[in-house]
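The following exercises concern salt bridges and helix packing in a protein chain. Each task is followed by a solution that proceeds step by step.

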Amino acid sequence: MTAVSDVKRPVEFDEGFAATKEFYVKNGHSKIPQAAVGTRPDGSEFSLGKWVQLQRQKFKNTYTTPGKRPDLGMMTDAERAKLTSVSFLFTTPPELVKPP
């Protein structure tokens, strides 16, 4: 098993989506916790929880408050459709929010 490698190489959308879909098939839901880890096709690991949070931020930046955070980039309609296909939660469910 390799170390989580977000810093070394950004997670491509298709890599994150594949891990999200795998989580969905295995667990029957897409309530992915922050600590979740995904695996790339080459076997290296990445923080799936951080990738999920980035997708939520990109969704908000595209559809809720368009362009407010240009550093995040925008979510494409195709990406939104893929995430919707696995019942992706575009807002963080209350049970996954850590208390202060």
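**Exercise 1.** Determine whether glutamate 15 is buried or exposed, and identify its salt-bridge partner arginine 9 by class of accessibility.

*Solution.* In this predicted model, the relative accessibility of glutamate 15 is 14%. The cut-off for buried is under 20%, so glutamate 15 counts as buried. Arginine 9 has a relative accessible area of 33%. This value lies between the limits of 20% and 50%, and arginine 9 is therefore partly exposed. The side chains of the two residues meet in a salt bridge, with an N to O distance of 3.5 Å.

**Exercise 2.** Which parts of the chain are linked by the salt bridge between arginine 9 and aspartate 42?

*Solution.* The side chains of arginine 9 and aspartate 42 meet at 3.0 Å, N to O. Arginine 9 belongs to the segment before α1 (13-27), whereas aspartate 42 is in the loop between β1 (37-39) and β2 (45-47). The pair thus links distant parts of the chain, 33 residues apart. As for accessibility, aspartate 42 reaches 55%; the cut-off for exposed is over 50%, so aspartate 42 counts as exposed. Finally, these contacts belong to a network of salt bridges that links Arg9, Glu15, Arg40 and Asp42. By the distance rule, the count comes to six salt bridges.

**Exercise 3.** Which helices are tied together by the salt bridge of lysine 82 with aspartate 14?

*Solution.* The closest N and O atoms of lysine 82 and aspartate 14 are 3.0 Å apart. Lysine 82 lies in helix α3 (residues 77-85) and aspartate 14 in helix α1, so the salt bridge ties together parts that are 68 residues apart in sequence. With a relative accessible area of 34%, lysine 82 is partly exposed.

**Exercise 4.** Describe how α1 and α3 are oriented, and which residues make their contact.

*Solution.* The axes of α1 and α3 come within 10 Å and cross at roughly 15°. Angles under 35 degrees count as roughly parallel, and α1 and α3 are therefore roughly parallel to each other. Their crossing is right-handed. On the α1 side the contact is made by Phe13, Asp14 and Phe17, and on the α3 side by Glu79, Lys82, Leu83 and Ser85. By class, the residues of this contact divide into three nonpolar, one polar and three charged.

**Exercise 5.** Describe how α2 and α3 are oriented, and give the composition of their contact.

*Solution.* The axes of helix α2 (residues 48-64) and α3 come within 12 Å, and the crossing angle is roughly 130°. This angle falls outside the ranges for roughly parallel, roughly antiparallel and roughly perpendicular, so α2 and α3 are oblique to each other. α2 passes α3 in a left-handed crossing. Trp51, Gln55, Lys58, Phe59 and Tyr63 in α2 meet Asp77, Glu79, Arg80 and Leu83 in α3. The contact of α2 with α3 has four nonpolar, one polar and four charged residues.

**Exercise 6.** Where does serine 87 lie, and what is the sign of its phi angle?

*Solution.* Serine 87 lies in the segment after α3. The phi angle of serine 87 is near 55°, a positive value in a residue other than glycine. With a relative accessible area of 41%, serine 87 is partly exposed.

Note on methods
Residues are numbered from 1 along each chain as its sequence is written. This is a predicted model: local features need pLDDT of at least 70, side-chain atom pairs count only at pLDDT 80 or more; totals for chains, interfaces and linings use all residues. Side-chain values use heavy atoms; hydrogens and water are left out. A salt bridge is a side-chain nitrogen of Lys or Arg within 4 Å of a carboxyl oxygen of Asp or Glu. Buried means under 20% relative accessible area, exposed over 50%, partly exposed in between (1.4 Å probe, protein chains only). Helices (H or I, at least four residues) and strands (E, at least two) are DSSP runs, numbered from the N terminus. Axes are lines fitted to C-alpha atoms, for helices over the stretch in contact, and angles run from 0 to 180 degrees between N-to-C directions. Angles under 35 degrees count as roughly parallel, over 145 as roughly antiparallel, 65 to 115 as roughly perpendicular and the rest as oblique. A crossing is left-handed if the near helix is turned anticlockwise from the far one by less than a right angle, and right-handed if clockwise. Contact means heavy atoms within 4.5 Å. Ala, Val, Leu, Ile, Met, Phe, Trp, Tyr, Cys and Pro count as nonpolar, Asp, Glu, Lys and Arg as charged, and the others, Gly among them, as polar.
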